[in-house]
Amino acid sequence: MRTPHILSSRKQLWRRAWAFLLFGTLTLSGCFVEGPPAHSVGHQHKHAGTEEGAHLRYQEPDRYTWQYPDKVVKALKLEPGMKVADLGSGTGYFTFRLAEAVGDSGKVYAIDINKEMNASIDKQSVEKQVDNVQTVLAVEHDPLIPDKVDLIFSVNAYHHLKDRTAYFQNAARYLKPGGRVAIIDFRKGMFRHYTEQRVLLQEFKAAGYGLDKTHGFLPRQHFLVFSQPKK
Ligand SMILES: C[S@@+](CC[C@H](N)C(=O)[O-])C[C@H]1O[C@@H](n2cnc3c(N)ncnc32)[C@H](O)[C@@H]1O
């Protein structure tokens, strides 16, 4: 005779199997990662509709295993007091790490065209008692950074921008002398949303920037740093 104990462990087994299948399906369909093919310029993501959906997606723990956020921030060689614009900051995956790197005397502008993303960052700033992060509601063709910055840093957002050469020609006016632009975006073939490195290089060259550094340690993304156009 089957005991209630055996029945309940069978139920648990089924539940686990279903959860596993569901998680696998969601992952493959791109709900938790930047998912499979088709475009690379000026694309708008469907954020599962809500800030909460985007938060789950951008902050999922697995991201740490390929995004190497601490190594990325270290590679930027930020110093206390610096000002940084996190362009396309989303739910702040990098924003708060950058804020820590520049310290209380520095500033991070979290730049996004999506009000909900900015609201998420504002909420986290209060919760984390962080004073050096300021959200900015940008427009599609202009980051509207309120001050000159040492670095414009952008992760997984470059493929969203339209007419990127014009965008960064204009954005150069927000850089302090010696300022840099660092772009991280997916390589072709890794995910649906990507920018080919040769395209990145072409577009920044056309906008007048010089290539300062290429970091090769990210398994899924390019990580390029550009120096500001010479006047
Ligand atoms: C894939 S998310 C990346 C978020 C964050 N950088 C991260 O790595 O978790 C891209 C973000 O770029 C924002 N975005 C899209 N177009 C933009 C534009 N023209 N200016 C500023 N932000 C933009 C989107 O609203 C979204 O929050």
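The chain holds eight helices and seven strands. The model is a predicted one. Of its 231 residues, 37% are buried. Among contacts with a separation of 6 or more, 71% join residues 24 or more positions apart.

**The nonpolar core**

The largest nonpolar core has 47 residues. Val84, Ala85, Leu98, Val149, Ile152 and Phe153 are the residues with the most contacts inside this core. For Ile152, the partners beyond four places in sequence are Ala85, Leu87, Ala171, Tyr174, Leu175 and Val181.

Strand S4 spans residues 149–155, and Val155 lies in it. Val155 counts as buried because it has 24 C-beta neighbours inside 10 Å, where 20 or more are required. Leaving out residues up to four places away in sequence, Val155 touches Phe94 and Ile184. The C-alpha atoms of Val155 and Leu87 are separated by 7.5 Å, although the two residues are 68 apart along the chain.

**Helices H5 and H6**

Helix H5 covers residues 95–102, and six of its eight residues are buried, so H5 is largely enclosed by the rest of the structure. The buried residues are Thr95, Phe96, Leu98, Ala99, Ala101 and Val102. Their cover includes helix H4 (69–75), strand S1 (83–87), strand S2 (107–112), H6, strand S3 (133–137) and S4. Leu98 also appears among the core residues with the most contacts.

Helix H6, residues 115–128, has 14 residues. From its first C-alpha to its last it reaches 20 Å, close to the 20 Å expected at 1.5 Å a residue. Its buried residues are Met117, Asn118, Ser120, Ile121 and Ser125. These cover an arc of only 155° around the axis, which means that they sit on the same side of H6. The face turned away from that buried side carries the exposed residues Lys115, Val126 and Glu127.

**Positive phi angles**

Four residues with a positive phi are listed here, with their places in the chain.

| Residue | Phi | Place |
|---|---|---|
| Gly103 | about 70° | just after H5 |
| Gln129 | about 55° | just after H6 |
| Asn156 | near 55° | loop between S4 and helix H7 (164–171) |
| Asp163 | about 40° | loop between S4 and H7 |

Asn156 and Asp163 both have a positive phi without being glycine. Asn156 counts as buried because it has 24 C-beta neighbours inside 10 Å. Asp163 has 14 other C-beta atoms within 10 Å and is therefore partly exposed.

**Arg57**

Helix H2 runs over residues 51–58 and contains Arg57. Arg57 is a buried residue because 21 other C-beta atoms lie within 10 Å. Its C-alpha atom is separated by 9.5 Å from that of Thr91, a residue 34 places away along the chain.

**Around the ligand**

There are 20 residues around the ligand, and those that come nearest are Gly88, Gly90, Tyr93, Asn114 and His160. By class, the shell around the ligand consists of eleven nonpolar, seven polar and two charged residues.

Terms used. Residues numbered from 1 in each chain as written. Predicted model: local features only at pLDDT ≥ 70, side-chain atom pairs only at ≥ 80, totals over all residues. Near = placed C-beta within 6 Å. Nonpolar A, V, L, I, M, F, W, Y, C, P; charged D, E, K, R; others polar. Helix = DSSP H or I, 4+ residues; strand = E, 2+ residues; numbered from the N terminus. Buried ≥ 20, exposed ≤ 12 C-beta atoms within 10 Å, placed from the backbone. Contact = placed C-beta atoms within 7 Å. Core = buried A, V, L, I, M, F, W, Y, C linked by C-beta atoms within 7 Å. Expected span 1.5 Å × (residues − 1). Arc of directions from axis to C-beta.
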